[in-house]
Amino acid sequence: PQNDTCIDSDGGKNWNVKGTTTQANTSRTDFCAQLSTGLAISEYYCDANGNIAQALNTTCSCVDGACV
């Protein structure tokens, strides 16, 4: 059976570390997203149900998927 456990290499909503969140055959890596208001961090993490979720942070400078 395939492993459906959600794993986040940076331990959750960790804005200061670029990480990759993996569940089954899906992987998502944190990145800098271009919004109309500037760059934001697109942070992937495992939600309370064990699924990949996404959050945005516009309050810091984003470089290579992490706050600096």
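In the predicted model, Val-68 is exposed, because its relative accessible area of 66% lies above the 50% over which a residue counts as exposed. The residue is placed in the segment that follows strand β8, which comprises residues 66-67. When residues up to four places away in sequence are not counted, Val-68 touches Ser-61 and Val-63. With respect to Ile-41, from which Val-68 is 27 residues apart along the chain, the separation between the two C-alpha atoms is 11 Å.

Asn-57, which lies in strand β6, presents the opposite case with regard to solvent accessibility: the residue is buried, since its relative accessible area of 9% falls under the 20% limit. Leaving aside neighbours within four places in sequence, the residues in contact with Asn-57 are Trp-15, Ala-40, Ile-41 and Cys-67. In addition, a polar contact of 2.6 Å joins the side chain of Asn-57 to the side chain of Thr-59. Ile-41 thus appears in the description of both residues, as a contact of Asn-57 and as the residue whose C-alpha atom is separated by 11 Å from that of Val-68.

Strand β6 belongs to an open sheet of three strands, arranged in the order β4-β5-β6 with antiparallel pairing. The edges of this sheet are formed by β4, residues 31-35, and by β6, residues 52-57, each of which pairs on one side only. On average, and with direction ignored, neighbouring strands of the sheet are turned by 35 degrees against each other. Between strand β5, which spans residues 38-46, and β6, the antiparallel pairing extends over six bridges. Within this part of the model, Ser-42 stands opposite Leu-56, a residue of β6.

A further open sheet, likewise described by three strands in antiparallel pairing, has the order β1-β2-β3. Its edge strands are β1, residues 7-8, and β3, residues 26-29, and each of them pairs on one side only. The antiparallel pairing of β1 with strand β2, which covers residues 20-23, rests on two bridges, and Ile-7 is found opposite Thr-22 in β2.

Methods. Residues numbered from 1 in each chain as written. Predicted model: local features only at pLDDT ≥ 70, side-chain atom pairs only at ≥ 80, totals over all residues. Heavy atoms only, no water. Helix = DSSP H or I, 4+ residues; strand = E, 2+ residues; numbered from the N terminus. Buried < 20%, exposed > 50% of the residue type's maximum accessible area, 1.4 Å probe, protein only. Contact = heavy atoms within 4.5 Å. Pairing = 2+ DSSP bridges. Axes fitted to C-alpha atoms, helices over the stretch in contact; angles between N-to-C directions. Polar contact = N/O pair within 3.5 Å; in protein donor to acceptor, adjacent residues only side chain to side chain.
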